[in-house]
Each structure stands twice: as structure tokens, then as C-alpha cells.
Amino acid sequence: MSETLISVEDLSLSFPNHQVLSDLTFKVQRGEFLGVIGENGVGKTTLIRVILNQLKPSAGRIKIKNGLKIGYVPQFRNVDVEYPLSIEDFISLNFTGIKLPWLSRKEKQKIQTVIKQVNLEHISKRPLGLASGGEKQKAYLAQALINDPDLLILDESTASLDPNTKRELLDVVLRLNKALGLTIIFVSHDMQVIHEYPDHFLWLTKNGYTAGPISELHNDSKEGEYV
Amino acid sequence: MFSFEFMQNAYLAGTLIAIVSGIMGVFVVARNMPFMTHTLSEIGFAGAAFGIFIGWTPLNGMLAFTTVSSILVGELSGAVESRRESVISAISGLFIGLGILFLSLSNKNSSYATSILFGSVIGISHQEVVQMAILSVLVLVVLFFIFRNLKDDSFDAVGAKTNHIHSSLISIIFLVLLAFSVSVAAQIVGSLLIFVLLTLPAASSKYFAHTVIQMMLLAIAFAIFGVWFGLYLGYVTNWPVTFFIASIEAVIYGSALIYNSIANKSR
């Protein structure tokens, strides 16, 4: 029943001055909610960039299922308080390609669907620049959903949020995972939410990594450097 | 007023310029390029002077200079943030100097320089209106085809990268379109006041409109209002049209800022 979407074997990646990832092996199955955890600088974002095919591994292999559609929510965005576009129009930016400038009816319907999925109906016409941190993250999430991805990658999406907003966002993500069967890779350095939401984990450290079902993380984290 | 052919030409040219500037301006503002646009227009000044020197029309000289240099300027000003302003100053200075040199070599009187720098309504011939129309249509057609990708790259550069949009190709196409727009707009407001049409209407529109298409329509409306009213006031008072257009657009922008700060307070 389970289908492997990503399979990584003995993957290593080094930049001119230092090794970031070494001999990493893990798989991501369809429907999985994988939490990738680790301190700053251990290579979480680098790993994501390898999955997105923006970086080539120095050694080892990464196999990605043919035609896999990935929705990616990057860590940083250039959205300041004067950012003019409404949440709706921001989401529509992901409809790219050489097509008519205006949106088709189908595209407009899709925008309304994803806005409902992330609970932003009440403020969808408001400028994104005036939205709160949590609302912005939801808008980024909705934008990534617009092209019906099989896999959603969230890079530190909860990093700047207060505990309640963090849960609100992750509840939405968990619902997408359970109700739509969307596969999730959630990158974070927040051990507490990694315990709560994902069903699998990949813990990167300076000296190596551990991976497995989330039930096995608990014991490790007590010994580890995380609280 | 419309019984004079030069006024007909001025209104025709002004309307075209307002439409192209309104649309391009929205991207100029989103891509944070007002100063880069200004530099292009200074390069355009040198080009116009060069055109006069070798016997071309100023518009052709401008087109040649801005198109060739747009890509170079884009590359240079993409450099480290802290260096950017200095690089732009150096380029501006160099080209204004060249413009003065060409003008002096061509032995033309200073009224030529004034009309290139500050614009001239009387100088626009029917043939130039036709050329401006062709250029404007060309800009709009290219924009039509790259619209969605340009929009994504301009309003969400980080996201566009993950959508596999060829960002540097989009930038180059945009810069060439900008070179055309600058050359066209400079015919009426002059190369020193490119801001007035390519930046201010779009910068004002973002406080009232919240989709890209609405922003464009509003920016076009602001630009057309300024050009039409400015031409009329210039005709009636015999004062420079550029002064009126610049003042109208500045007042619109000022009002937009005031509106925004009031709206923010009441939120």
C-alpha cells in the first residue's frame, strides 16, 4: 500500500569549506508527516534544496518519484508592511506560465478552495502586508497548495510564531495530511511541536543523524541536547 | 486647443505614454527599481545627445543607448546592496557627462538640451507619434505574454525561484522593455523627470488597489489624469507642461501617503 516518494541513499553534500550532510539514508512514503529537526547549520535547508533539485549531492543518490509535484513554503519572504497585494492575489501568483494574464474560472475556484482549507476566508481581500505572522504563514501555505502538490515542504514555517498561532497553523497542516493524504516534510528546530504533529522524524546533528517513527524520538530527545 | 496639430500629437503621445508607464510602473515599484529607471533615463539623455550629434532623431539615439546599456546596468545594480547606490551614481555621472559632450560637439544651442532634459510638447512630430505607438504596442504585447511569470518574479521573488521561473531571463526582458518605456516617456516629460510617470502613479496606486490588475488600471488613470490636465494647463498658461505633470503626480502621491496613514490609524 505504501508508496515511496523520496528515497535517499548514502547521500553526502559538502561545500568548499565544510561537510554539511554525510551518509544520509531515509525514505519518505506517501501520506507520511515527516518532521526534520536539528540545530541551525546542520543542513536542514540544504537537504530541502537537494530534494528541490537546486543542489546536487556530492556523493550518494536521491530518487524522487517521477512526476512528483512539490509545494514548497520557503523560510523567508520579502513581504513588508507596505506589501500591496491582497491575500487572494498573492496566492494567485503561483499560477505561472505563458498564459492569458487574467485568471480562468477554474483557477479562481481553486483559489477559493485553498483559502477555505487554510481558514483565511474572512480576510482574503486584505493586503498581505497588514496580515499577522500566522496569517502570512497560512497565505504562504495556501499559495503552495494551489498546484495540487503530492508533497508539501514547510521550512521553519512556525519559527516566528507564538505557541497558539503555531498550533493553529500545524492543525491546518495536520488536517491536510489526514484528510487529503498530503505528504508533509516539516522542517523545524522546535522539539515540542515535532513530538506533537509528525508521525516520523529525521533528526540531523553535527555528527550524524537518527530517523524513525515518532515514538522512537522521545527517548533520544531526553539524552540529546534538545529541550 | 485641438485645432493645433502639435496639441493633437501631444495628447496622442501623452496618452500612450501614460498607459505604458502605468503598467510598467507597477513592476518598477514592485521590483524596487525607481532609481535604476532614473539612471536609464540619464543614459537616455546621453543617447539623445549622441543622436543629435550624428544626425539621428533624439528618440532613436535614446533607444539605442538605453537598450544596449539596460542589461549592463541591471547586472551592475544587482551587486551588493551597499555598493548599489555608488555604482548608480557613477553610471549616471558618466552618462550625463557624455550627453553634455555630444551636445557641445554637435554645436546645437542650449534649447535642445532643455527639451531633452525637461521634455517638450511642441517638438513631437506625427512621425514620432507613430514610432512611439509602435514601441508602446511592442512593450504591451511582450508584457501580455510574460505577464504571469513577471508578476510572480516581481511580487514574490523567493516563491518564483521554487516555481522554476527563469528569473534572470525575466529580468533581462523587463529591462529591455523598461529601456523602451523610458525612451518613449522621456519624449514628453523629459529624461530628468521620468520618475513622474514611471514611478509616482504606480507608487500611489498601491495604497488604494490590492490586485496587480487593479493597481495597473489605477496607475494608468493617475498618469492619464496628470498628462491630460498638465497639457491643458500648459496650453492655457504657457508655463512648462512638465511642471504641471510633475506637480499633479506629486500631489496624488502625497495624498495617497496621507490617506494611507489615516487608514492605518483607524485600523
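Which residue in β7(A) stands opposite A:Leu154? In this predicted model, the partner of A:Leu154 is A:Phe186. The two strands around this pair are β6, covering residues 151–155 of chain A, and β7, covering residues 183–188 of chain A; they run parallel and are joined by five bridges. In general terms, strands of a sheet pair through backbone hydrogen bonds, in either a parallel or an antiparallel sense.

Stepping back from that pair, β6 and β7 belong to an open sheet of six strands in chain A, arranged in the order β5-β6-β7-β3-β8-β9 with mixed pairing. The edges of the sheet are formed by β5 (70–73) and β9 (209–213) of chain A, each of which pairs on one side only. From one strand to the next, the twist averages 15 degrees. An antiparallel part of the sheet is found where β8(A) and β9(A) pair over five bridges. A hairpin links β8(A) to β9(A) through four residues, and within this pairing A:Trp203 has A:Thr210 in β9(A) as its bridge partner. A helix also accompanies the sheet: α1 (residues 44–51) of chain A lies across β3 (33–37), β5, β6, β7 and β8 (200–204) of chain A. The direction of α1 is at about 150 degrees to that of β7(A).

Next comes the division of chain A into domains. Domain 1 takes in residues 1–68 + 150–218, and domain 2 takes in residues 77–149. The C-alpha centres of these two domains of chain A are 25 Å apart, and their contact draws on 15 residues from domain 1 and 12 residues from domain 2. About 1,100 Å² is buried between the two domains of chain A, with carbon and sulfur atoms giving 68% of this area. Three residues stand out here: A:Leu152, A:Leu169 and A:Val172 supply 34% of the area that domain 1 of chain A buries against domain 2 of chain A, more than any other three residues.

The polar side of this domain interface can be described just as briefly. One salt bridge is counted between domain 1 and domain 2 of chain A. A salt bridge joins the side chains of A:Lys138 and A:Glu168, at 2.9 Å from N to O. Two residue pairs are in polar contact across the interface of the two domains of chain A. On the domain 1 side, β6 and α5 (163–180) of chain A each supply at least two of the residues that touch domain 2. The largest share of that side, eight residues, comes from α5(A).

What, then, does the interface between the chains look like in numbers? Here 26 residues of chain B are in contact with 31 residues of chain A. The area buried between chain B and chain A is about 2,400 Å², and carbon and sulfur atoms give 55% of it. Three salt bridges are counted between chain B and chain A. A:Glu82 and B:Lys206 meet through their side chains in a salt bridge, at 3.6 Å from N to O. The count of residue pairs in polar contact between the two chains is 12. On the side of chain B that touches chain A, the elements giving two or more residues are α6 (126–155), α7 (157–162), α11 (212–237) and α12 (241–266) of chain B. Of these, α6(B) gives the most, with eight residues.

Terms used
Residues are numbered from 1 along each chain as its sequence is written. Chains are lettered from A and ligands numbered from 1 in the order in which they are written. This is a predicted model: local features need pLDDT of at least 70, side-chain atom pairs count only at pLDDT 80 or more; totals for chains, interfaces and linings use all residues. Side-chain values use heavy atoms; hydrogens and water are left out. Two strands pair if DSSP finds at least two bridges between them. Axes are lines fitted to C-alpha atoms, for helices over the stretch in contact, and angles run from 0 to 180 degrees between N-to-C directions. Contact means heavy atoms within 4.5 Å. Domain bounds come from an automatic or database domain assignment. Buried area is the accessible area (1.4 Å probe) that two parts lose on being put together, summed over both. A salt bridge is a side-chain nitrogen of Lys or Arg within 4 Å of a carboxyl oxygen of Asp or Glu. A polar contact is a pair of N or O atoms within 3.5 Å; within protein, one must be able to donate a hydrogen and the other to accept it, and residues adjacent in sequence count only if both atoms are side-chain atoms.
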